[in-house]
Amino acid sequence: MVGITSYGAYVPLFRLNREALAKGARGEKAICGFDEDSVTMAAAAASDCLNGLDRGTVDGLYFATTTSPYKEKLAAPIIAMAADLREDIFTADFAHSLRAGTSALRAAIDAIKAGSAKKVMVAAADCRLGTPGSAFEQNFGDGAGALLIGDSDVAASIEASYSVYNEIMDVWRAEGDTFVRSWEDRFAVTHGYMEVVGEAVSGLMKKAGFKPGDFAKVVFYTPDARRGVDLASSLGFDVKAQLQDPLFATMGNTGTAYPLMLLVAALEGAKAGDRILFASYGNGSDAFVLQVTEQIEKVRDRRGMKGHLALKKVITDYKQYLVWHGLLPREEIPGPIRFFSAPAAWRESEANLRLRGVKCQVCGAIQFPPQRVCTKCHTKDQFEPYRLSDKKAKIFTFAMDYVTPAPDLPTVTTTIDFDGGGRMECYMTDREPEQVKCGLPVEMSFRKIIDKDGARIYFWKSIPVRV
Amino acid sequence: MESIKDRVAIVGMGCTQFGELWDKSYKDLMVDACYEAFEDAGIEPKDIQAAWYGSRESGFTGAHLANALKLEYIPVTRVENFCAGGTDTFRNACYGVASGAYDIVLACGVEKTKDHMGGFTMYVTTPFDRSMVEWDLPPVSQFAQLATRYFHHYGLSYEEGRRILSKISVKNHHNGTLSPKAHFRREITLEQAMNAPMISYPLNLFDACGMSDGGAAAIITTPEIAKSMRKDYILVKALALTNGAGQATLQPEYDYIHIPESVAAGKSAYEQAGIKNPRQEVDLAIVHDCFTITELLIYEDLGFSPRGKGPEDVEAGTFTLEGELPVNTDGGLKCFGHPLSASGLRMIYEVYKQLQGKAGPRQVKKADIGLVHNVGGVNGLFNCAVAIFGKS
C-alpha cells in the first residue's frame, strides 16, 4: 500500500492585511519575510514533516516550485541538506507549473510502486508576485507543504489517481517576468480551471467508481476565494460539508504548494476511514483519491497548517511588503564589499546548511562551527558530527542594530546556548524587538543570508520558539 | 624568560591632529607624526635603523612608510593586529631594541579611515571566518552583547545601566575638551548621553567612539642611549599581548561580563612590571573605550575595580581627571578618535606626555606609572595589548 506516511507545512509568520493593498479588501495573505524564499519555506515544511522520524530512511527529495532561485541549478539539494538527509538519495526539482506539486507527488508514488525507493519526500513551495494593484497581488500567498510518501506506516493511502492536460494561455510567467500574467479572467477560469479540474475529478470518480457522496472531504486548488466553491457545487459536492476551506482569508493562493497545503489541512481534521478527493490545477489537473488509516494518529505531532496559521504577525505597511520582496530599492550598506566564495561555501556546507557542529569524542564538548582542535581538551581531529538544527536553545545575550541598513530593523544578533550543549552566534529573525531578552527560548530556522549576483547563500537564524 | 622592564626607553613621540582630515593622505599623517617624534627626540630620519609600521587599511607594506619618510633600505615591518595594532607595533619595535639588533628604531601607526565610506573597509564578521554566512555588521553589536549581558547579570535595569555608561561618556567628553589634538572637543550632559539615538541596543551614539583619521609615532632606544639624549625619557615597564582562541563563542561557560583576553594581558603586564595592586600603583590608564561598556569592563578586568563594582566606582568619580585613578585623560577613543592602528601609539603618547608632566590642563597630579590598554576583534577572538610605562 502506497500513501502518505507523514505530512508537514510551513506558513510564514508574517501576514499582510489586504486592506494595505486595496481599500475594503478582506482578510490576510501570508508573506515571506525578507530572508525567506521557496527554498527556505520548503526546508521548513520538510523539517516539520520529519518531526520524530528517522531522517536516514528518506530515499528521495522532490522539490516543486515555480519560484526557484535558479534557472539553472538544482535547488532540491539545498533543501535536502537543510533537512539533513542522506547524500545518496535521488533529488529533483519539479518546476514551471502550478501543477508541479502534484507532478512530484505522482512521481514519488510511481517511484515507490516501482520499488526504486521506500520513502520519498515531496516538498512544494511558492512565493509568486502579482503586479502591484492587481487581483493576483491580493490573492497570492506564500507557503510550503511537504508529504512523505512510502509503502509502510501509511497514514493516508493513495487509492486512485487520474490526470488530464490542457494547452491554454490562461496564467503564465515568461523569462524575465517578475509578475504573473493572465488572459481575461472569465476565459481563463472557464476554459482553464473549471473545465479541466472538472474533467479530472469526473474522470477519476468514473474510473475508480466513486460518487460525490463517498468523500468526507474534497480538496481543490482554487485560483481565488470563489471558484473552488463554484467548481465543487457544479460537480455535485456539498460545499459546506465536504469542501476543504481554501484558507483564503488567512493565507491566500500559495501556487504550487497550495493543493498540498490544503491537503495537509484536510488530513489534520481527518479520521481513520475518511476518504479524501484531492485535485490540483496548472495546464491540466492531477486528481487523487486517498483513504485515511489509523496511522494518522501517530503523525499528529506536527505544526502543520493549524500550528503555523495560529501564530502570526500582521503587517499593514505596504511599503514594507514591497521592500521585503525586492520591489522597491532600498539603501544598501555603502563601502564594505561582501564577497562570496563558492569554495568556502562548498567546504563548509555541512556546518552552514546541515547546521552540524561537532562533539569531541574525548571530552564530549559540543562545538560550532566544527573545529580541528577541541576548545576544551585540545584533542586533535577526534570529533563526531552533531546536528543542531533540530535543537532548542536559549538566548544568552543579544544586541539590536538600528543603524546599519537592513530590510527589517533592528537587526538582532544573538548568542544562543543549545539545550544539551553547544553555543552559537547568529542573527535572529521573526522577532518583536520587545520580546528579545536573555533566556528567551529559541529554535533554528533556515534562512536566506545573501542574495547577490544571482547567488543565494543560506544559513540558520534563531527565532522565538513558534508554539 | 626575562622581563622587558627597564630595557627600552622612549625618547621622542609625535601625534597628529585626529579627526576627519579630508585634506590629508595617510602619507601626510606618517610625515606629520614621525617628524614631530624626530624633533622631540632631537634626531634625523637617517638615525633610524629599523622601523615598524602599524596599519589596518592604510598602506599595506613597510615600504609605504619608507616611501613617505624616505627611509632608504632599512628594515620596515608592517604590523596588523586590528585595534591592538598600534600597541603591538610599538611592542615589536621594543623587542628589536631589546634584542640588541638595533640601537634606535621607529614605531609608527597610521590610519586613514575616512577615505572609506563609514570608516571601515570591511565590516567585522563573527569569530569564524567562514563562507560569509555570519553577522555582517559594524563592531558595535559585538560590544552591545557584552552590555546586554552585563546589565542582565548584575540586575541593572536599562536606565541604571545606561546611566553608568553615560557617565563614562560624559567623563571622556570632558577630557576631550582639554586635548587640542582630539577629534571631538565638546562637553555633553548626562541627559544627552542617556537619550542619544540608539546605535545597537543597548548602546547609543554617545557610547561609541569616533572613527577618525590620525597617526602617532615613537622613537625607541636603550636606556643608556636615552640618558645621553634627554633627562625625561620614559621607560617601558611591561609589554603584554594576548589573543583569544575562540573560547567565548565555543564554550557556553564564558559569561560575557568580562573580556578574558584583557584579564590575561593585564596579569602578564603586572607581573612584568612588578605591580601587585594596580588600583594603588597605576597613576593613570589610557584604555580602549571603543564603546563605553568596554571601558566599564576594563575597570574590572584590569583590577581597578572589584568584579561587578565598576558602576560604583563610576558613580564615585574614581576615574575622572581628579579621581583616584584617572582613565582616558585625553578623551579616550570616544573623543580623541579611533584610527585603528594609530590608537595604541596615541595612547602611549598621552602616557608619555603625562609622565613628563607636559599634559597641560589635563595633567594628573601624580604621574609615575601609566598604563595603556588596547583590545580589538570580536568576542572569543579579541587581541589585547597592555603596556606599562614609568618615569626615568
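Modeller: Let us begin with burial: a residue counts as buried if 20 or more other C-beta atoms lie within 10 Å of its own. Please keep in mind that this is a predicted model.

Biologist: Thanks. With that in hand, what percentage of the 467 residues in chain A is buried?

Modeller: Buried residues account for 50% of the 467 residues in chain A.

Biologist: How do I read the overall dimensions of chain A? What is its radius of gyration beside that of a compact globule?

Modeller: The idea is to set the chain against what a compact globule of 467 residues would have, a radius of gyration near 23 Å; chain A has 22 Å, which agrees. Along the principal axes, the C-alpha atoms of chain A fill a box of roughly 70 × 50 × 40 Å.

Biologist: And what is inside that box? How many helices and strands does chain A have?

Modeller: Chain A holds 12 helices and 22 strands. You can also ask how far apart in sequence the touching residues are. Taking contacts in chain A between residues at least 6 apart in sequence, 71% join residues at least 24 apart.

Biologist: Where do the domains of chain A start and end?

Modeller: Domain 1 covers 3-324 and domain 2 covers 342-464, going by an automatic or database domain assignment. Their C-alpha centres lie 30 Å apart. The contact between them takes 17 residues from domain 1 of chain A and 15 residues from domain 2 of chain A.

Biologist: Which elements of domain 1 give two or more residues to the side that touches domain 2?

Modeller: In chain A, those are helix 1 (38-49), helix 2 (76-82) and helix 10 (318-324). Helix 1 of chain A has the largest share of that side, with 4 residues. By class, the side of domain 1 that touches domain 2 divides into 11 nonpolar, 2 polar and 4 charged residues.

Biologist: Now a single strand, please. Is strand 18 of chain A mostly covered or mostly uncovered?

Modeller: Mostly covered: of the 9 residues in strand 18 of chain A, 8 are buried. To read its surroundings, look for the strands it pairs with. Strand 18 (residues 393-401) runs antiparallel to strand 19 (residues 411-418) of chain A, and 8 bridges join the two. One bridge there matches A:A399 with A:T413.

Biologist: Which residue stands opposite A:K394 in strand 21 of chain A?

Modeller: That is A:P441. Strand 18 and strand 21 (residues 441-452) of chain A pair in the antiparallel sense over 2 bridges.

Biologist: How does strand 18 of chain A pair with strand 5 of chain B, and over how many bridges?

Modeller: Strand 18 of chain A and strand 5 of chain B pair antiparallel, over 2 bridges. In strand 5 of chain B, B:Y201 stands opposite A:M400, and B:S200 stands opposite A:D401.

Biologist: Stepping back, how many residues does each chain bring to the contact?

Modeller: Chain B brings 35 residues and chain A brings 37. On the chain B side, helix 4 (140-153), strand 5 (198-201) and helix 8 (247-250) each supply at least two residues. Helix 4 of chain B gives the most, 7 residues.

Biologist: What classes of residue make up the side of chain B that touches chain A?

Modeller: That side has 18 nonpolar, 14 polar and 3 charged residues.

Terms used
Residues numbered from 1 in each chain as written. Chains lettered and ligands numbered in written order. Predicted model: local features only at pLDDT ≥ 70, side-chain atom pairs only at ≥ 80, totals over all residues. Contact = placed C-beta atoms within 7 Å. Nonpolar A, V, L, I, M, F, W, Y, C, P; charged D, E, K, R; others polar. Pairing = 2+ DSSP bridges. Rg over C-alpha atoms; globule rule 2.2 N^0.38 Å. Buried ≥ 20, exposed ≤ 12 C-beta atoms within 10 Å, placed from the backbone.
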